[in-house]
Amino acid sequence: MAKYDVIIIGAGLSGLECGAVLSAEGRRVLLMEQGEVSGGFFQPFRRRGVKIDSSVHYAGSLDKGQFLHSAFTYMGVMDKLKLVRMNSRGFDVICTDGESYDLPIGHEQFVESLSARFPHEAKGIRDYSAELHRTGGLSIQSIRSGGGFSPDGIDAISTSAYDKIASFVQDPVLRRVLAGNSIIYGGIKEVTPFYVHAISNNSYIESSYRFADGADTLTTALEQKIIDNGGEIRFSSGVKSIITSNGEVCGVLSESGEITESEWVISTIHPSLTLEMLNIDSGIKNSYRERITALRNSCGLFCLYLLMKPGSYPYRNENYHILGEKNVMVSFQPPVNESAFAEVVTLIRQMDFSEVEQWSESYTGKRDSRYSEFKEKISEEMMERAEQILPGLREAVKARYSATPLTFRDYVNTPQGTAYGIMKNYNAPLSTFIPVKTRVKNLLLAGQSINVHGVMGVTVTSLLACCEIIGPEYLSEKMMI
Ligand SMILES: Cc1cc2nc3c(=O)[nH]c(=O)nc-3n(C[C@H](O)[C@H](O)[C@H](O)COP(=O)(O)OP(=O)(O)OC[C@H]3O[C@@H](n4cnc5c(N)ncnc54)[C@H](O)[C@@H]3O)c2cc1C
């Protein structure tokens with residue numbers, strides 16, 4: 001008998017969620033993580049003694065009775081999270097055409113607030129909100145039924161987000177406002193499905209929260225749960241290949257050459273990397289391998305982290321999305337001890353891999369001076385844009401640090417530094433929404449490239465993978481959904 005029931009590749013959010021669920025359900029679980037710590041994108045870093053969140057800035061659907069609250073309660077970590085509820089009048093503020101538009105928490109408030117600004121579009125706004133809510137609920141249905149898309153789901157993944165918004169409202173400014181936070185889902189007019197837009201936005205409209213002591217409080221709590229449940233996590237343990245026999249999984253081979261056997265393997269890393277780990281006899285056809293490897297990745301992100309002078313700039317409990325040729329998002333990290341002043345502010349903008357490709361052969365900390373100059377130029381442009389909406393911000397900055405897609409690639413092994421994994425495309429929905437189940441028996445996929453990214457999307461994929469092992473009816477009943 002294999003030593004483990006399940007080996008999970010990667011200890012980012014998805015791997016930890018799968019590990020927490022399956023270890024609690026009595027499975028012998030081993031997580032193998034290439035990095036030195038858990039969390040993947042949730043890892044913070046420290047500068048001048050201050051903890052800085054590298055990626056995740058907010059999460060939705062965390063009120064009692066909402067999806068992530070139920071999921072984290074089932075995983076046994078909800079009570080470990082210290083959350084800051086964001087500004088109810090506007091968790092996201094969209095800045096365009098010299099005006100600011102609030103996106104409030106709660107569908108009713110959302111409709112009221114936007115209808116007051118665009119009274120001629122009141123009916124369209126109400127219908128849009130209802131559709132967002134309905135589509136947002138489809139992921140819960142998919143867990144109840146154990147995966148696969150319902151006819152409504154197929155419709156939502158095959159419809160353009162841009163066209164769907166345009167079908168509800170005509171005003172060009174309102175259309176821009178409704179797509180104004182597209183940076184959080186890597187939205188692109190020509191490809192993004194309405195499903196991706198709806199899963200993200202519905203979740204934040206339901207309720208929006210920041211993590212008071214850092215986003216890693218979630219991943220650390222999950223890690224602790226796994227250990228408490230008797231599961232194991234090995235760090236600096238990259239997986240090199242997945243071992244199969246007669247089309248069935250039998251274990252993995254680590255980078256250091258150690259073979260570990262298991263009945264199941266769940267890979268939570270990028271699917272193209274998973275496919276590289278499978279040999280020709282695994283049953284995976286070359287045509288499938290080539291198709292997945294050729295899929296386009298979603299954008300990378302450039303992050304500028306501002307360490308603020310103490311007591312010099314007020315903390316803002318909402319995000320700002322400054323629209324332009326490249327949108328800039330500004331997010332404030334909750335200050336320790338609930339201070340009224342900002343400690344860390346992060347500016348984010350989309351960055352295609354092509355912008356940094358000339359440095360792709362080098363590693364973080366070892367790049368040339370032109371790379372530093374490039375980062376400085378982008379940082380300055382972003383500061384200027386932010387200063388227009390938040391005057392005095394620059395004056396209050398003590399120090400600044402930045403990360404490009406190459407930084408994320410180097411730390412979490414994400415191809416081309418993609419922030420959200422494989423790009424979903426409404427023109428090719430069935431090839432860009434990759435199923436959890438593979439042709440290799442007992443090999444499952446989870447993580448942000450499957451279904452949707454982000455705390456919401458990743459949690460759905462993790463639960464779908466667990467459903468394959470413990471059953472959807474059982475899991476839905478335990479989660480009370
Ligand atoms: C700048 C930025 C801001 C973001 N902001 C938000 C936000 O505000 N809200 C939100 O919901 N989402 C946000 N996201 C998205 C969110 O962070 C991700 O969707 C999510 O964290 C992905 O989790 P994952 O487990 O799928 O992948 P990952 O976090 O990438 O985890 C995969 C893990 O696998 C490990 N690994 C890789 N290769 C191997 C191997 N061969 N062997 C063993 N281990 C391996 C990696 O080291 C990593 O730990 C943001 C992302 C970025 C980049």
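The shell around the ligand draws at least three residues from domain 1 (4–46 + 214–296 + 419–479) and at least three from domain 3 (299–416). The model is predicted. In this model, 39 residues surround the ligand. The points below take the ligand shell, then α16, β17 and its partners, α13, and the sheet that contains β6.

**Ligand shell**

- The closest residues to the ligand are G10, G12, G40, G447 and G454.
- Four elements each supply at least two residues of the shell: the helices α1 (13–24), α14 (405–412) and α16 (454–470), and the strand β14 (300–308).
- By residue class, the shell divides into 21 nonpolar residues, 17 polar residues and one charged residue.

**Helix α16**

- α16, which supplies at least two shell residues, has 17 residues.
- From its first C-alpha to its last, α16 reaches 24 Å, close to the 24 Å expected at 1.5 Å a residue.
- Because 14 of its 17 residues are buried, α16 is largely enclosed by the rest of the structure.
- The residue that follows α16 is G471, and its phi is positive, near 95°.

**Strand β17 and its partners**

- β17 (residues 344–351) is mostly covered, with eight of its eight residues buried.
- V344, T346, I348 and Q350 point one way from the strand, while V345, L347, R349 and M351 point the other way; all are buried.
- Strands of a sheet pair through backbone hydrogen bonds, in a parallel or an antiparallel sense.
- β14 pairs with β17 in the antiparallel sense over eight bridges, and L306 stands opposite V345 of β17.
- β16 (residues 328–333) also runs antiparallel to β17, joined to it by six bridges.
- The bridge partner of F332 in β17 is V345, the residue that L306 also stands opposite.
- β14 therefore has two roles in this account: it supplies at least two residues of the ligand shell, and it pairs with β17.

**Helix α13**

- α13 (residues 369–389) has 21 residues and reaches 31 Å from its first C-alpha to its last, close to the 30 Å expected at 1.5 Å a residue.
- K375, M382, R385 and A386 are buried in α13.
- These four cover an arc of only 100° around the axis, which puts them on the same side of α13.
- An α-helix has 3.6 residues a turn, so residues three or four places apart point the same way.
- The face turned away from the buried side of α13 carries the exposed residues S369, R370, E373, E376, K377, E380, E384 and Q388.

**The sheet with β6, and M86**

- Three strands form an open sheet in the order β5-β9-β6, with antiparallel pairing.
- The edge strands, β5 (59–60) and β6 (83–85), each pair on one side only.
- β6 pairs with β9 (residues 208–211) in the antiparallel sense over three bridges.
- Within β9, Y209 is the bridge partner of R85.
- M86 lies in the loop between β6 and β7 (92–96).
- M86 counts as buried because it has 22 C-beta neighbours inside 10 Å, and the cut-off for a buried residue is 20 or more.
- M86 and G148 are 62 residues apart along the chain, and their C-alpha atoms are separated by 33 Å.

Note on methods. Residues are numbered from 1 along each chain as its sequence is written. This is a predicted model: local features need pLDDT of at least 70, side-chain atom pairs count only at pLDDT 80 or more; totals for chains, interfaces and linings use all residues. A residue is near a molecule or strand if its C-beta atom, placed from the backbone, lies within 6 Å of it. Ala, Val, Leu, Ile, Met, Phe, Trp, Tyr, Cys and Pro count as nonpolar, Asp, Glu, Lys and Arg as charged, and the others, Gly among them, as polar. Domain bounds come from an automatic or database domain assignment. Two strands pair if DSSP finds at least two bridges between them. The expected span of a helix is 1.5 Å times one less than its number of residues. A residue is buried if 20 or more other C-beta atoms lie within 10 Å of its own, exposed if 12 or fewer, and partly exposed in between; C-beta atoms are placed from the backbone. The arc is that of the directions from the helix axis to the C-beta atoms.
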